[in-house]
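Trainee: Could you take me through one part of this model close up? I'd like to hear about a single residue and what sits around it.

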Amino acid sequence: MNAAPRGHALRILTVDDNRETALSLKDAVEDFGDTAFVCFKGNDALELAASIRPDVILLDLSMPDIDGVNVARILRADARLAGVKIIAVTAYGDAEARQKTAAAGFDLHLTKPVRFDVLSDMLDLLRLAPKS
């Protein structure tokens, strides 16, 4: 890939307890021309997000320490992270799961296995939006 991103490059945090999934998403983000960060636990995501202030968080829902829904709720309560876009990355794509992520403050919902062309399109739209 390695195409120059359209619009501004994004700072993207990938959070998934499955290391293979997290690292493949990180590699894809870097291939898109964005800056990627990765962690494997919800609690680590909260600390890292506060530190790096990402533009986008790709957040798994099912993690052993704190699930993605609760991570999203905590992130949404942090005024320093008000502009971050949170994308659910999960095996659950039914209406109930989508309602749950929307209610928790997720902006978008991707089902696994992630199609990188769909992720690229989502990120293209976010890159073109004005920075807050």
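Mentor: Here is a close look at one aspartate, followed by a helix and a pocket. Keep in mind that this is a predicted model. Our residue is aspartate 60, and you'll find it in strand β3, which runs over residues 56-60. Aspartate 60 has a relative accessible area of 4%, so it counts as buried, the cut-off being under 20%. Its side chain isn't without a polar partner, though: it makes a polar contact with the side chain of lysine 112, at 3.2 Å. Lys112 also turns up among the residues in contact with aspartate 60 once you set aside neighbours within four places in sequence, and the others are Val15, Asp16, Asp17, Gly68, Val89 and Thr90.

Now for the strand itself. β3 is part of what covers the buried residues of α2, and so are β1 (11-15), β2 (35-39) and α3 (68-76). Helix α2 spans residues 42-52, and its buried residues are Gly42, Ala45, Leu46, Ala49, Ala50 and Ile52. After α2 comes arginine 53, with a positive phi near 50 degrees.

Last, the pocket. The second largest one holds about 150 Å³ of space. Its lining includes Leu61, Ser62, Asp67 and Val69, along with Tyr92, Asp94, Glu96, Ala97 and Lys100. Helix α4 (residues 95-104) supplies the largest share of that lining, three residues. By type, the lining splits into four nonpolar, four charged and one polar.

How values were computed:
Residues numbered from 1 in each chain as written. Predicted model: local features only at pLDDT ≥ 70, side-chain atom pairs only at ≥ 80, totals over all residues. Heavy atoms only, no water. Helix = DSSP H or I, 4+ residues; strand = E, 2+ residues; numbered from the N terminus. Buried < 20%, exposed > 50% of the residue type's maximum accessible area, 1.4 Å probe, protein only. Polar contact = N/O pair within 3.5 Å; in protein donor to acceptor, adjacent residues only side chain to side chain. Contact = heavy atoms within 4.5 Å. 1 Å grid on protein atoms, 1.4 Å probe; cavity = no way out; pocket = protein on both sides within 12 Å on 5 of 7 lines; lining within 4 Å. Points joined across faces, edges and corners; volume = space filled by probe spheres on them. Nonpolar A, V, L, I, M, F, W, Y, C, P; charged D, E, K, R; others polar.
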